[in-house]
Amino acid sequence: MAIVAATTAASAWIMQAIVDDVVVENDPTQVKIVAALVVLVFALKGAATYANKVILAGIGNSIVAGIQKRLYRKVLSQDMAFHQRMQAGDLVTHMSTNTAAVRRALELIVTSAGRDLLTVIALVIVMFVKDPLISLMTLVIAPIAIGGIAYLVRRVKKVARDQFGFLAAIVTGMQETGIGIRIIKAFNLEERMTARMDSSIESVEARANRMAVLDARSSPIMETLGGFAIATVILYAGWAVTANGKTPGEVIAFLTAMLLAYDPAKRLAKMAVGLRGHLVGASLLYEVLDSEPDLIERADATPLALGNGGVHFDNVTFAYGESPALNQITLDAAPKSVTALVGPSGAGKSTVVTLLERFADPQSGTITIDGMDIRDATIHSLREHIAFVSQDTFLFAGTVRENIAFGREGATGAQIEQAARDANAHEFIERMQGGYDAPVGTDGDNLSGGQRQRLAIARAMVRDAPILLLDEATSALDAQSETKVQQALERLMQGRTTIVIAHRLSTIRQADMIHVLDQGKVVQSGTHESLIREGGLYASLHALQFHDGGG
Ligand code: ADP
């Protein structure tokens, strides 16, 4: 950049020799020397510009890649509260638009500060050497230009901030459409979705136009001021050559330096406006990069010391917002036995699972596994000892084999197949085209509900964790699928401490202990028989809610 700046200044400097030696004197040797110099200066400028661009692009690319990697790690390390706050669209926009904004901001700063600022300085030096007095006169316009640009910069900031919100809404809308396309079509929601999307797109369009106007407004300011500056010099030049004894070459060199300085000076003004817009994206991104999760591991956390895997909730209170989801709850899950949680929707059953996995920490009370407070254990070791089978059987984009292997790092082919057999999944996997290497989509639409559940069970099988958390599906499968899933679950539960959010009568009947939850409290505990005899909430739930296979 310094070379580019120096060669630009040199090309102005050389104008004096061109006019005085070539045009006025017309000395043949001088003509050749000046011509050779011109070639040299421009070749050097070309080479320097090339190197400048390549190096800068490399740095920019590595900055973008570095930020994207950091952002992904940050997103994964965040707690549930963060993910509830952030929509997927926000994250995608950070990953794409805002990392690009950081890059453009840096490039702007580097090229402007490096090339344009150096160039302007070098040219101003040429101007001062050629004629200090008139240089001072032309520089008077600088404060006026700076004032005008500062005003534009302030306006840009707000527009850029709004634009981010609408961009994120577009991404979220696209994502929803991909996932919910069946519902959209089935409910004839095309028009409403289109209206929503159109409004977001048009908002972004309006903001983009607004940005363009603000950006372009630096041009009239700079052009007009530039015109005044040049006019001043021309008036002066007419007088200086005749009255002040300057050579035409000196005047031309001065004018060239000023005209050459004019372009980078304009770019500097534009940079200030453009930079503000990019910095808004960058600062939103850094809010995420610098955010710390509320839930953090203790510095002195040790791996979970596991015995039989007995779980104990002692006086635990937890609230997502104002009203507690769990209210001073105390319950046990005995080692290697099945503990069922039942209760009306919203009673707090899922929250028990959330706290045990440490997706969130309780506001008061303690949760222990084999006597150890789970907050004293490393989060990784805690989750390593827990297998979680949720209602929404999430499958990753990949093969059947990969999806089962996600259960445990380094699972062998034999272990994967055994897990699939135990989960009653081997048979249907074999029938799939490609078998274990058959692809399943993120929404696994080539699999039935029961098959997806059995794959999820196989994943938990291969994990082989001593503690099992099970969120039973509420929707009934067909009788045959139901039996197969039920068999698979029974095998999975064997020899593990199981906490199951139960909806199936068969699971509940077999549970060693049932806790009935209502409004964040345990209202009844016992076995199925004892609770039926007791009457109360359990008996009415039994009559209304629990179902058995076959729907
Ligand atoms: P259950 O699993 O028994 O249906 P939950 O544990 O999901 O009950 O919910 C218990 C209470 O906490 C409910 O009142 C529910 O509205 C509230 N709740 C659950 N999840 C959230 C959340 N992510 N944010 C705010 N409130 C929540």
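**Close-up 1. Ile121 in helix H4 of the predicted model.** Ile121 has 44% relative accessibility and is therefore classed as partly exposed, since that class lies between the 20% limit for buried and the 50% limit for exposed. The residue is located in helix H4.

**Close-up 2. The nonpolar surface patch that includes Ile121.** Alongside Ile121, the patch contains Trp13, Leu117, Ile125 and Val129, and the five have a joint accessible area of about 480 Å². Helix H4, spanning residues 88–130, is the main contributor, supplying four residues. An α-helix has 3.6 residues a turn, so residues three or four places apart point the same way.

**Close-up 3. Helix H1, residues 2–25.** The helix has 24 residues, and the distance from its first C-alpha to its last is 33 Å, close to the expected 34 Å. A kink of about 30° is centred on Ile18. Buried positions in H1 include Val4, Ala5, Thr8, Ala12, Ile14 and Val19, as well as the polar or charged side chains of Thr7, Ser11 and Asp20.

**Close-up 4. Gln545, in the segment after helix H20.** Helix H20 covers 536–544, and Gln545 lies in the segment after this helix. Gln545 counts as partly exposed because its relative accessibility is 37%. Its C-alpha atom is 89 Å from that of Leu255, a residue 290 positions away along the chain.

**Close-up 5. Confidence along the chain.** Mean pLDDT for the chain is 86, with 98% of residues at 70 or more. Among the elements, strand E1 (residues 311–318) has the highest mean, 96, and helix H5 (residues 132–139) the lowest, 79. Where pLDDT is low, the predicted coordinates should not be read in detail.

Methods
Residues are numbered from 1 along each chain as its sequence is written. This is a predicted model: local features need pLDDT of at least 70, side-chain atom pairs count only at pLDDT 80 or more; totals for chains, interfaces and linings use all residues. Side-chain values use heavy atoms; hydrogens and water are left out. Patches are made of residues with over 30% relative accessible area and no salt bridge: like charges are joined within 9 Å, nonpolar side chains (Val, Leu, Ile, Met, Phe, Trp, Tyr) within 5 Å. Accessible areas come from the Shrake-Rupley method with a 1.4 Å probe; for residues, only the protein chains shown count as cover. A salt bridge is a side-chain nitrogen of Lys or Arg within 4 Å of a carboxyl oxygen of Asp or Glu. Helices (H or I, at least four residues) and strands (E, at least two) are DSSP runs, numbered from the N terminus. Buried means under 20% relative accessible area, exposed over 50%, partly exposed in between (1.4 Å probe, protein chains only). pLDDT is the predictor's confidence in each residue, from 0 to 100. The expected span of a helix is 1.5 Å times one less than its number of residues. The bend at a residue is the angle between axes fitted to the seven residues ending there and the seven starting there.
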